[in-house]
Amino acid sequence: IGVTGVQTCALPILDPETFKVLNIVAVTDGGRPITNLNELEYIDGYVYANVYTTPYILKIDPQNGIVNGRLVFENMLQPSEIIPNRTDVLNGIAYDSSTHHFFITGKRWPWMFEVKMN
């Protein structure tokens, strides 16, 4: 899996050697299609993706596209750290497989947060 972008509601499943699209899996949550997937990470058999313009990171089963977990990152910044018309939404996730920690940030955020999930 290797495509990210706004206005995406499907995961392309790619051949890791040729990058040929093998399948396209629609992403749904409770039967409703999900749009605006962004910043995808493949971790331990699941795809984690933030939903652009929201504080959510979804845990998606790439076999069927069903969302089976939602991480909420509301109020990550203090009001004094938000610059009006500049500081933007959650928009960055990365994963360190050696520590099993996520790194979370946003567009023009002054901080990056290291998060351990249980």
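Reader: Which residues form one aromatic cluster here, and how is an aromatic pair recognised?

Author: Rings of Phe, Tyr and Trp (its six-membered ring) pair if their centres lie within 6.5 Å, and planes under 30 degrees apart count as stacked, over 60 as edge-to-face and the rest as tilted. In this structure Tyr48, Tyr95 and Phe102 form one aromatic cluster. By this rule there are three aromatic pairs. The ring centres of tryptophan 109 and phenylalanine 113 are 6.2 Å apart with their planes at 85 degrees, so that pair is edge-to-face.

Reader: What kind of model is this, and how are its residues numbered?

Author: This is a predicted model, in which local features need pLDDT of at least 70 and side-chain atom pairs count only at pLDDT 80 or more, while totals for chains, interfaces and linings use all residues. Residues are numbered from 1 along each chain as its sequence is written, and side-chain values use heavy atoms, with hydrogens and water left out.

Reader: Is tryptophan 109 buried or exposed?

Author: Buried means under 20% relative accessible area, exposed over 50%, and partly exposed in between (1.4 Å probe, protein chains only). Tryptophan 109 has 14% relative accessibility and therefore counts as buried, whereas phenylalanine 113, at 22%, counts as partly exposed.

Reader: Where does the charged end of lysine 59 sit?

Author: A charge sits over a ring if NZ of Lys or CZ of Arg is within 6 Å of the ring centre and within 35 degrees of the ring normal. The charged end of lysine 59 is placed over the ring of tyrosine 46, 4.3 Å from its centre, and arginine 70 lies over the face of tyrosine 56, at 4.7 Å from the ring centre.

Reader: In what order do the four strands of the open sheet come?

Author: Strands of a sheet pair through backbone hydrogen bonds, either parallel or antiparallel. Strands (E, at least two residues) are DSSP runs numbered from the N terminus, and two of them pair if DSSP finds at least two bridges between them. Here the order is 5-6-7-8, with antiparallel pairing. Strand 5 (37-43) and strand 8 (67-72) stand at the edges with a single partner strand each, so one side of each has no neighbour in the sheet. Strand 6 (residues 46-51) and strand 7 (residues 56-60) pair over four bridges, and asparagine 50 stands opposite isoleucine 57 in strand 7.

Reader: What lies in the loop between strand 7 and strand 8?

Author: Proline 62 has its place in that loop, and at 6% relative accessibility proline 62 counts as buried.
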